[in-house]
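Biologist: Got a minute to go through this one with me? I'd like the plain version.

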Amino acid sequence: EQVEEFLSLFGDVVKVDSMEQFISMQASSCFMAPFYQALESITTWLEGENIKREKASLFVGSLVNAFAVDAKLQGGNGFANITAESQTPGGMNEQALKSLQNDKAFEALQNALTGLVQRVKK
């Protein structure tokens, strides 16, 4: 309980029931570099659209901060609802999501997670 209390000073403490679950949660926390690389990719793309790097990275960081607040507020409900709410049928968010789905980007993400779990279990 003291450890949980201490860790709660830094954020939400999410308890798991087994080492297997812990390993899976740990794997999902290993997406810091891919996350930042996605932001860098967007920033670089904006630079290609004649937006100065400083403005592009400030914009992307601010945008992602707003996304993070929404993600935090969803509580333990998953992200399907905010995914649906964030797109207008026929709109640009829907187009971006479908493009990534068609390119199997989210399958690649899950495959990377599985690979991390397999690495830890060796």
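Modeller: Sure, what follows is a quick chat about pockets, salt bridges, surface patches and backbone angles.

Biologist: Anything I should keep in mind before we start?

Modeller: This is a predicted model, so to speak of local features we need pLDDT of at least 70, side-chain atom pairs count only at pLDDT 80 or more, and totals for chains, interfaces and linings use all residues. Residues are numbered from 1 along each chain as its sequence is written, and side-chain values use heavy atoms, with hydrogens and water left out.

Biologist: OK, pockets. What volume does the largest pocket have?

Modeller: About 2700 Å³. A pocket here is an open set of points on a 1 Å grid over the protein atoms alone, where a 1.4 Å probe fits, with protein on both sides within 12 Å along at least five of seven lines; lining residues have an atom within 4 Å of a point. The volume is the space filled by probe spheres set on the points, which are joined across faces, edges and corners.

Biologist: Which residues lie nearest its centre?

Modeller: Phe 35, Phe 67, Leu 100, Phe 106 and Leu 109, out of 39 lining residues.

Biologist: And which helix gives the largest share of that lining?

Modeller: H3, with 10 residues. H2, H3, H4, H5, H6 and H7 each supply at least two. Helices are DSSP runs (H or I, at least four residues), numbered from the N terminus.

Biologist: Switching topic: how many salt bridges are found in the whole structure?

Modeller: The search finds 6, counting a side-chain nitrogen of Lys or Arg within 4 Å of a carboxyl oxygen of Asp or Glu. One of them joins Asp 12 and Lys 72, at 2.1 Å from N to O. That pair links distant parts of the chain, 60 residues apart: Asp 12 is in the loop between H1 and H2, Lys 72 in helix H4.

Biologist: Is Asp 12 buried or exposed?

Modeller: Exposed, at 62% relative accessible area. The cut-offs are under 20% for buried, over 50% for exposed and partly exposed in between, with a 1.4 Å probe and protein chains only.

Biologist: What does Lys 121 pair with?

Modeller: Glu 20, with the closest N and O atoms 2.7 Å apart. Lys 121 is in helix H7 and Glu 20 in helix H2, so this bridge ties together parts 101 residues apart in sequence. Lys 121 is partly exposed at 45%, and Glu 20 is partly exposed at 47%.

Biologist: How about Lys 98 and Glu 94, where do they lie?

Modeller: Both are in helix H6, 4 residues apart, about one turn. Their salt bridge is 4.0 Å, N to O. Glu 94 is buried at 18%, whereas Lys 98 is partly exposed at 44%.

Biologist: Which residues form the nonpolar surface patch?

Modeller: Val 3, Phe 6, Leu 7, Leu 9, Phe 10 and Val 13, with about 650 Å² of accessible area together. Patch residues have over 30% relative accessible area and no salt bridge; like charges are joined within 9 Å, nonpolar side chains (Val, Leu, Ile, Met, Phe, Trp, Tyr) within 5 Å. The areas come from the Shrake-Rupley method with a 1.4 Å probe, and for residues only the protein chains shown count as cover.

Biologist: Last one: where is Asn 50 found?

Modeller: In the loop between H3 and H4. Asn 50 has a positive phi, near 65°, and is exposed at 75%. Most residues other than glycine have a negative phi.
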